[in-house]
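Me: Hello! Please take a close look with me at one part of this structure, the empty space that a probe would find. I would enjoy one connected account, starting from the outside.

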Amino acid sequence: MAQDDKPAKPATRVVEAGRGPKWTGRVVNPPVWRASTHLYANEAERKAALKSNQDGEFFYGRRGAPTQWALAEALTEIEPGAHGTVIYPSGVSAIAGALLSVLKPGDVLLITDNAYDPSRAMATGLLKRLGVESRFFDPLDITAYEALFCDRTKAVWLESPGSLTMEVCDVPALAAIARDKSAVSLIDNTWASSLGFPALERGCDISVMSLSKHVGGHSDLMMGSASAGERYYRALRRTGQQLGNVVSPDDAALAARGLRTMKLRLDQSSSSALQIVEWLDAQPQVSAVMCPMLPGDLGHDLWRRDFTGGCGLFSFVLSSENPDAQAIVVDNLHHFGIGYSWGGFESLALPIFPGQYRDVMPWPPKNLAAIGVTGSSSAIRLSIGLEDPQDLIADLAQAFEKLDQT
Ligand SMILES: *Cc1c(COP(=O)(O)O)cnc(C)c1O
């Protein structure tokens with residue numbers, strides 16, 4: 001990290017973060033330390049290690065080794081306001097670790113209705129069984145959200161833009177209300193990452209990311225992280241250790257490698273996505289595009305106010321009423337894989353069914369219903385990778401022609 005008082009810019013930070021000589025010695029990248037047992041020089045050293053519990057202190061493999069510590073430090077350095085980061089074997093395990101670190105039986109969790117489906121399932125499944133009550137809220141209706149708080153509300157789960165339908169909410173306002181009511185605010189910050197949305201600076205207490213997406217960046221790695229200021233980092237760390245979370249050093253090294261190009265990849269895929277979104281928006285086969293980076297999108301003003309970047313993930317709705325429209329389009333794409341996950345170097349297309357994952361938000365929302373979107377309209381999510389955007393546009397155009405011919 002730069003030692004002068006001017007903080008380095010994000011592109012510089014991702015290159016330098018977590019690469020101090022205590023992790024790397026004389027080489028550029030932190031080496032892969034494969035270790036379960038750590039050996040002590042003597043009994044006094046073993047006793048000292050038992051007591052202190054910090055990254056950088058050898059103890060036993062479950063507490064990590066330099067490869068994982070270097071990655072955690074790097075993630076902390078790129079998350080403004082973070083005191084520390086805990087890494088987990090997947091994004092979903094990070095979500096579980098973060099929620100379990102702040103909730104106990106009898107508590108109420110407020111969870112955004114457009115949260116990633118496994119987050120919703122955790123609230124209605126695991127957390128419910130543990131005696132935590134979850135209430136879904138519409139993140140665009142701040143008054144109704146505020147009215148949901150009660151004495152037992154201990155945490156708020158945010159995600160912006162929301163999964164599949166990409167609504168941007170007023171995170172600073174929602175987090176400020178949570179703080180006022182003494183509830184912890186947590187956010188799934190996978191879409192923008194800490195580079196595009198400095199979640200802790202925007203008022204959140206804990207920022208969670210699936211590293212399987214932008215940080216890994218190459219579709220060959222599962223991992224997650226949770227970063228927090230001093231107040232919540234301790235609880236995150238304690239809970240993570242009690243759950244036995246640990247990631248392999250090989251995967252940690254891959255994640256750290258992905259991090260070095262993350263800013264470049266995000267910039268490129270955002271700019272390609274914007275070109276594609278603008279093209280899609282003008283096609284007769286498309287009735288609506290859901291992407292906050294697009295001027296005119298419902299979330300565009302908040303995105304411009306609060307975010308410093310975007311990414312290549314967005315959704316759109318087809319105007320065709322053919323029930324096979326999604327399949328016809330994705331099956332005829334040559335440059336897009338059909339698959340889950342996103343944020344890799346390669347483009348993906350996925351049919352989506354937003355109405356299936358909603359309790360309180362209407363699908364379609366009023367603004368889309370007004371332009372003809374219905375509950376049975378066909379929607380597709382695209383993750384734009386690093387291919388030439390002109391090739392991707394041509395690919396979409398020929399798939400739309402196939403749809404017209406059916
Ligand atoms: C993929 C994803 C996750 C979960 O991450 P995994 O690493 O796949 O477990 C969490 N949140 C969002 C928004 C995601 O898209």
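Reply: Happy to, and the surface is a good place to start: about 17900 Å² of the protein is exposed, and carbon and sulfur atoms supply 53% of that area (accessible areas are from the Shrake-Rupley method with a 1.4 Å probe, and for residues only the protein chains shown count as cover). Please keep in mind that this is a predicted model, in which local features need pLDDT of at least 70 and side-chain atom pairs count only at pLDDT 80 or more, while totals for chains, interfaces and linings use all residues. Residues are numbered from 1 along each chain as its sequence is written, and side-chain values use heavy atoms, with hydrogens and water left out.

Now for the frame around the empty space. The protein has 16 helices and 12 strands (DSSP runs numbered from the N terminus, helices being H or I with at least four residues and strands E with at least two). Its radius of gyration is 22 Å, close to the 22 Å from the globule rule for 406 residues, so the protein is as compact as a globular protein of that length (the radius is taken over C-alpha atoms, and the rule is 2.2 Å times the number of residues to the power 0.38). Along the principal axes, the C-alpha atoms fill a box of roughly 75 × 50 × 40 Å. Of the 406 residues, 55% are buried (under 20% relative accessible area, with exposed meaning over 50% and partly exposed in between, using a 1.4 Å probe and protein chains only). Among contacts with a separation of 6 or more, 74% join residues 24 or more positions apart (a contact means heavy atoms within 4.5 Å).

Let us go inside. Rolling a probe the size of a water molecule over the atoms shows where empty space is left. Searching the whole structure gives 2 cavities of 30 Å³ or more. On a 1 Å grid over the protein atoms alone, a cavity is a set of points where a 1.4 Å probe fits but cannot get out, a pocket is an open set with protein on both sides within 12 Å along at least five of seven lines, and lining residues have an atom within 4 Å of a point. Points are joined across faces, edges and corners, and a volume is the space filled by probe spheres set on them.

The largest cavity has a volume of about 240 Å³. It is lined by 17 residues, and those closest to its centre are Asp55, Arg63, Val86, Ile87 and Asn245. Helix 4 (66–77), strand 1 (84–88) and helix 10 (230–243) are the elements that give two or more residues to this lining, with the largest share, 4 residues, coming from helix 10. By class, the lining of the largest cavity holds 7 nonpolar, 6 polar and 4 charged residues (Ala, Val, Leu, Ile, Met, Phe, Trp, Tyr, Cys and Pro count as nonpolar, Asp, Glu, Lys and Arg as charged, and the others, Gly among them, as polar).

The second largest cavity contains about 100 Å³ of space. Among its 15 lining residues, His214, Arg265, Ser269, Gly343 and Gly344 lie nearest the centre. Helix 12 (residues 262–281) gives the most to this lining, 3 residues. Here the classes are 7 nonpolar, 7 polar and 1 charged.

Next come the open spaces. The largest pocket has a volume of about 650 Å³, and of its 34 lining residues, Tyr116, Pro118, Ser163, Trp342 and Arg381 are nearest the centre. At least two lining residues each come from helix 5 (91–102), helix 6 (117–129) and strand 11 (348–352). The lining of the largest pocket has 18 nonpolar, 10 polar and 6 charged residues.

The second largest pocket has a volume of about 520 Å³. Its lining has 27 residues, with Glu167, Leu298, Pro365, Asn367 and Leu368 closest to the centre. Strand 8 (286–290) and helix 15 (366–369) each supply at least two of them, and strand 8 provides the largest share, 4 residues. This lining divides into 16 nonpolar, 5 polar and 6 charged residues.

Finally, one residue to zoom in on: Ser101 lies in helix 5 and, at 14% relative accessibility, counts as buried. Beyond its neighbours within four places in sequence, Ser101 is in contact with Ile206, Ala235, Leu236 and Thr239. Ser101 and Pro365 are 34 Å apart, C-alpha to C-alpha, and 264 residues apart in sequence.
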